[in-house]
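Dear colleague,

I am passing on to you the structure we spoke of, and below it you will find some notes on what turned up in it. Please read them with the model open beside you.

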Amino acid sequence: MTTDPRRQVPRTDTLLADPRLAGAGERLGRVLVKRAVQRVQQRIRAGEVAPGAAVDAVLADLPPVAGSLRPVLNATGVVVHTNLGRAPLSAAAVEAVVAASGTTDVELDLRTGRRGPRGEAAIAALLEAVPAAEAALVVNNCAAALALVATALGQGRELVLARGELVEIGDGFRIPELLESTGARLREVGATNRVALADYRDALGPGTGAVLKVHPSNFVVRGFIRAVEVGELAAALQGTGVPLVADVGSGLLRPHPVLPDEPDLQTTLAAGADLALASGDKLLGGPQAGLVLGRAELVQRLRRHPLYRAFRVDKTTLAALEATLRGPLPPVQQMLAADVADLRERARALAGRLVAGGVAADAVDADSRVGGGGAPEHPLPGAAVSLPPEFAEPLRLGATPVVGYVEDGRTLLNLRSVPPGADDALADAVLEVARRWT
Ligand SMILES: *Cc1c(COP(=O)(O)O)cnc(C)c1O
């Protein structure tokens with residue numbers, strides 16, 4: 001006897017009342033579970049799922065968490081990958097975020113029961129890490145730091161900036177346009193490739209709000225070039241009352257042995273910058289944040305500006321930042337420091353496992369990059385697992401998405417940007433793709 005399959009489709013109410021699905025509803029929200037139920041009902045009607053297997057099919061269809069952002073294995077070799085969320089947080093920072101995510105003493109002094117300064121501990125950690133700074137402020141990102149500085153120091157006034165530093169940071173956003181959007185006027189000095197101290201001097205006047213230096217973090221100019229360093233500029237501005245603000249971008253606290261050309265906050269301030277700005281989620285390896293460090297009087301002016309209230313960070317950012325600064329080395333720093341011999345060894349071990357599983361894999365040398373965080377022309381030597389090119393797409397679409405890249409007719413999984421603890425998951429993902437093909 002054949003029956004209409006629609007008659008056999010379990011009712012939505014019946015499915016939602018199933019204890020396993022009700023439990024999932026409490027964890028993920030009823031709306032999400034109901035949508036999965038409707039998808040499975042559709043598949044039952046299409047004859048793809050047996051009516052008796054409905055609950056299992058709904059459970060398999062449910063996402064692991066209520067949000068739709070998924071963890072991805074970054075095998076691009078780009079350590080700070082903007083499309084993959086920039087810096088991965090350290091385990092210590094994740095724990096700190098979880099601890100701070102409920103009600104927390106972010107602005108309450110538990111000893112007195114009174115309101116306390118917000119984010120004090122993260123600021124203290126920043127000042128310990130960068131002793132050349134008298135004071136610090138944390139905002140949402142470095143773009144917010146620039147907007148706050150431009151508004152507080154440059155609104156209705158002039159910001160002096162070299163033409164070679166009119167940087168587009170990505171996705172069409174340009175620092176000069178951002179600065180002008182605050183009502184500051186830009187006073188461009190020099191040529192694209194060359195600027196001299198005299199150019200800056202000639203631009204100063206009663207309407208000057210600040211002199212700005214912006215690190216060209218995503219490009220290099222080579223050849224007939226000349227820039228004016230922070231130290232020279234600071235010396236020239238001494239006694240003028242014009243503040244010197246340096247956007248270093250990358251967020252290195254101190255000079256990094258692997259990235260000798262990348263500016264850092266401590267050196268920039270020690271050289272005489274009045275304020276130094278940076279991102280929290282680039283080379284610092286922390287949460288998305290904008291760090292403003294420097295002279296106490298200027299930092300206080302920014303903190304008192306009404307716009308600061310629109311840019312201030314939440315408790316979880318403060319928690320993650322403090323844990324990044326005080327806790328164990330964050331993943332970005334570990335990836336930068338990774339030894340080539342270790343990377344090669346990991347690639348060999350992984351390729352061996354994959355070959356044993358029937359995959360045409362090989363261990364190869366492959367350069368990696370710092371990425372959006374800086375050092376645009378600074379390849380880091382490293383190693384990758386090479387696979388046939390047709391692996392790239394199914395790896396991206398797998399249960400644990402793996403993002404590698406195709407080069408010279410091979411899919412490469414570059415290991416510098418993969419935490420060593422994730423090698424097993426990487427191997428499993430590749431073997432799963434191979435298994436589905438055979
Ligand atoms: C990345 C970068 C920015 C923007 O930083 P966000 O934290 O992404 O807002 C600004 N300036 C420089 C020099 C940068 O490298």
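Of the 438 residues in the chain, 47% count as buried; please keep in mind throughout that this is a predicted model. The accessible surface of the chain comes to about 21,600 Å², and carbon and sulfur atoms account for 52% of that area. Its secondary structure comprises 19 helices and 19 strands, and the C-alpha trace spans about 95 × 55 × 40 Å along its principal axes. If one takes the contacts between residues at least 6 apart in sequence, 73% of them join residues that are at least 24 apart.

The ligand may be a good place to look next. The residues around it are Arg86, Asn141, Cys142, Ala143, Ile169, Ile175, His215, Ser217, Asp247, Gly249, Ser279 and Lys282, and by type this shell divides into 4 nonpolar, 5 polar and 3 charged residues. Two elements, α8 (142-154) and β11 (244-249), each supply at least two residues of the shell. As for individual contacts, a polar side-chain atom of Arg86 lies 2.9 Å from an oxygen atom of the ligand, a polar backbone atom of Cys142 is 2.9 Å from a ligand oxygen, and an N or O atom in the side chain of Ser279 is 2.6 Å from an oxygen atom of the ligand. On its own the ligand has 380 Å² of accessible area, and the protein covers 92% of this.

Arg86 also leads to His81, since these two residues touch, and His81 touches Asn74 and Thr76 as well, leaving aside residues up to four places away in sequence. His81 sits in the loop between β2 (78-80) and α6 (91-100), and its side chain reaches the backbone nitrogen of Asn83 at 3.2 Å. Is His81 buried or exposed? Its relative accessibility is 17%, so His81 counts as buried, the cut-off being under 20%.

Lastly, I looked at helix α4, which covers residues 30-45. At 1.5 Å a residue, its 16 residues should span 22 Å, and the C-alpha atoms at its ends are indeed 22 Å apart, so the expected and modelled values agree. Within α4, the residues Leu32, Val33, Ala36, Val37, Val40, Gln41 and Ile44 are buried, and the buried residues of this helix pack against α2 (12-17), α3 (19-28) and α5 (54-61). After α4 comes Gly47, whose phi is positive, near 80°.

With best wishes

Note on methods
Residues numbered from 1 in each chain as written. Predicted model: local features only at pLDDT ≥ 70, side-chain atom pairs only at ≥ 80, totals over all residues. Heavy atoms only, no water. Near = heavy atom within 4 Å. Polar contact = N/O pair within 3.5 Å; in protein donor to acceptor, adjacent residues only side chain to side chain. Areas by Shrake-Rupley, 256 points an atom, 1.4 Å probe, with all protein chains shown as cover. Helix = DSSP H or I, 4+ residues; strand = E, 2+ residues; numbered from the N terminus. Nonpolar A, V, L, I, M, F, W, Y, C, P; charged D, E, K, R; others polar. Expected span 1.5 Å × (residues − 1). Buried < 20%, exposed > 50% of the residue type's maximum accessible area, 1.4 Å probe, protein only. Contact = heavy atoms within 4.5 Å.
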